[in-house]
Amino acid sequence: MKIYNITPAIILTSFMLTLTTACTHAGEINTTEAETSTQAETSQLSTEVVAGLKQMYEEEKLASDVYKNLYDKWQIQAFSNIHSTELRHQQAVKELLDTYGIAVDEKLPIGEFKDENLQKVYDDLMATGMQSEQAALMVGAYVEELDIEDLNRLLTFDNPDDVRHTYEWLNMGSRSHLRAFVHNMNNRGIDYVPQLLDEQEYLVIINSEHERGGRKDNGFGHKRGHGNS
């Protein structure tokens with residue numbers, strides 16, 4: 001088995017910068033916008049929850065944009081399939097943003113992001129993914145690791161039930177996407193080495209059966225109230 005390790009330092013550094021910035025400055029980044037919202041709904045959420053929703057909206061856009069461009073380049077069906085799913089994920093987060101009166105820029109073209117760190121991450125990922133099919137599939141797996149790691153963190157917040165359920169659904173989707181990318185690499189004789197998840201968590205995800213469940217199955221809907229149980 002050939003082993004390809006997606007180790008361009010620029011990508012790893014950019015992703016870790018994004019994660020660190022999001023964790024450290026979540027409240028600070030969005031405080032002004034949360035305070036000046038004209039919607040009374042926003043006041044129900046903490047600034048860290050508002051920051052998390054806005055961050056996840058852009059991260060879902062990043063995944064969608066990356067996968068569309070990589071499918072156009074390499075015609076690997078997994079990118080087309082997962083791109084379609086990412087659009088639904090982004091819409092699910094947008095519905096939550098609308099529910100709580102949180103404004104985001106919906107007009108940004110493919111490949112453009114309000115968050116400067118995510119813009120840099122996107123640019124680096126595309127530069128790598130355009131090099132080869134192997135690199136493209138590794139970029140896909142890397143993006144899903146990023147989503148899983150961020151969603152795990154966001155799920156520790158005091159989220160309303162509808163936000164928590166949506167994050168759980170997105171996390172299940174990211175685990176499924178990670179398995180799909182790894183399966184595609186295995187079929188090409190490539191062993192993927194996880195970049196963000198620890199090995200134990202990664203192996204549990206990869207060796208798990210297909211997970212079933214949708215937004216309705218998990219009691220989704222815009223119900224108010226908090227709870228992490």
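**Helices 2, 3 and 6 in a predicted model**

Guide: In this predicted model, helix 6 is mostly covered, with 19 of its 27 residues buried.

Visitor: What makes a residue of helix 6 count as buried?

Guide: The cut-off is under 20% relative accessible area, and 19 of the 27 residues of helix 6 are buried.

Visitor: How do you know that the span of helix 6 agrees with what its 27 residues should give?

Guide: At 1.5 Å a residue, helix 6 should span 39 Å, and its end C-alpha atoms are 39 Å apart, so the two values agree. Just after helix 6 comes Gly189, with a positive phi of about 75°.

Visitor: Why are helix 3 and helix 6 called roughly antiparallel?

Guide: The axes of helix 3 (residues 77-99) and helix 6 (residues 161-187) cross at roughly 170°. Angles over 145 degrees count as roughly antiparallel, so the term applies to this pair. Their axes come within 11 Å.

Visitor: Which residues make the contact?

Guide: Among them are Phe79, Ile82, Arg88 and Leu96 of helix 3, and Asp162, Trp169, Gly173 and Phe181 of helix 6. The residues of this contact divide into 11 nonpolar, seven polar and three charged.

Visitor: Why is helix 2 described as largely enclosed by the rest of the structure?

Guide: Of the 28 residues of helix 2, 21 are buried, so the description follows.

Visitor: What span does helix 2 reach, and what is expected?

Guide: Helix 2 (residues 47-74) reaches 40 Å from its first C-alpha to its last, close to the 40 Å expected at 1.5 Å a residue. Gln75 follows helix 2 and has a positive phi, near 55°.

Note on methods. Residues numbered from 1 in each chain as written. Predicted model: local features only at pLDDT ≥ 70, side-chain atom pairs only at ≥ 80, totals over all residues. Heavy atoms only, no water. Helix = DSSP H or I, 4+ residues; strand = E, 2+ residues; numbered from the N terminus. Expected span 1.5 Å × (residues − 1). Buried < 20%, exposed > 50% of the residue type's maximum accessible area, 1.4 Å probe, protein only. Axes fitted to C-alpha atoms, helices over the stretch in contact; angles between N-to-C directions. Parallel < 35°, antiparallel > 145°, perpendicular 65-115°, else oblique. Contact = heavy atoms within 4.5 Å. Nonpolar A, V, L, I, M, F, W, Y, C, P; charged D, E, K, R; others polar.
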